[in-house]
Amino acid sequence: VQLQASGGGLVQAGGSLRLSCAASGSISSINILGWYRQAPGKQREMVAIISNLGSTEYTAPVKGRFTISRDNAKNTVYLQMNSLKPEDTAVYYCKSVLPATSDWGQGTLVTVSS
């Protein structure tokens, strides 16, 4: 199953964006899905993960602002991003965490202006 992120763009600080991650096949068998991001000059980091049971985890800087969700019927994972900050500027990727894969896809660029 290949995953493709979309929905990025340019937004002012304090604004919102919703990212989508569409799968080429069923995501029901993917236990854990995740959103990651890579800011310019920095290492890629985990942003949020969600299990098939709906359990979620977030990196500290986005807690309370970002919400990850999944719709197995639509084979899509979402990342709702509110109260965006300039430090959220990055390329965002979705990925199968469990089972683990090495496929990151193209990502989608989010730019937050101050």
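**Notebook: strands, hairpins and one exposed glutamine**

I began with the hairpin of β4 and β5, which has 6 residues between its strands, and I noted that G41 takes a positive phi near 75° there. By strand I mean a DSSP run of E with at least two residues, numbered from the N terminus, and I say that two strands pair if DSSP finds at least two bridges between them.

Before going on, I wrote down that this is a predicted model, in which local features need pLDDT of at least 70 and side-chain atom pairs count only at pLDDT 80 or more, while totals for chains, interfaces and linings use all residues. Residues are numbered from 1 along each chain as its sequence is written, and side-chain values use heavy atoms, with hydrogens and water left out.

**Entry on β4, β5 and β6**

I looked up how β4 (residues 32-38) is joined to β5, and found 6 bridges between these antiparallel strands; I32 has S51 of β5 as its bridge partner. I then asked how much of β5 is covered: of the 7 residues in this strand (residues 45-51), 5 are buried, where buried means under 20% relative accessible area, exposed means over 50%, and partly exposed lies in between, with a 1.4 Å probe and protein chains only.

Next I followed β5 to β6 (residues 56-58), which it pairs with in the antiparallel sense over 3 bridges, and I saw that A48 has Y58 in β6 as its bridge partner. The hairpin of β5 and β6 has 4 residues between the strands, and here G54 takes a positive phi near 95°.

**Entry on the open sheet**

I traced an open sheet of 4 strands, whose order is β1-β3-β8-β7 and whose pairing is antiparallel. Its edge strands are β1 (3-6) and β7 (66-71), each of which pairs on one side only. At the β7 edge, I found that 6 bridges join β7 to β8 (residues 76-81), and that these two strands run antiparallel; within this pair, T67 stands opposite Q80 in β8.

**Entry on Q12**

Is Q12, which I found in strand β2 (residues 9-12), buried or exposed? Q12 counts as exposed because its relative accessibility is 60%. I also looked up what Q12 touches, not counting residues up to four places away in sequence, and the answer was V112 and S113, with contact meaning heavy atoms within 4.5 Å. Finally, I noted that Q12 and K85 are 73 residues apart in sequence, and that their C-alpha atoms are 8.1 Å apart in space.
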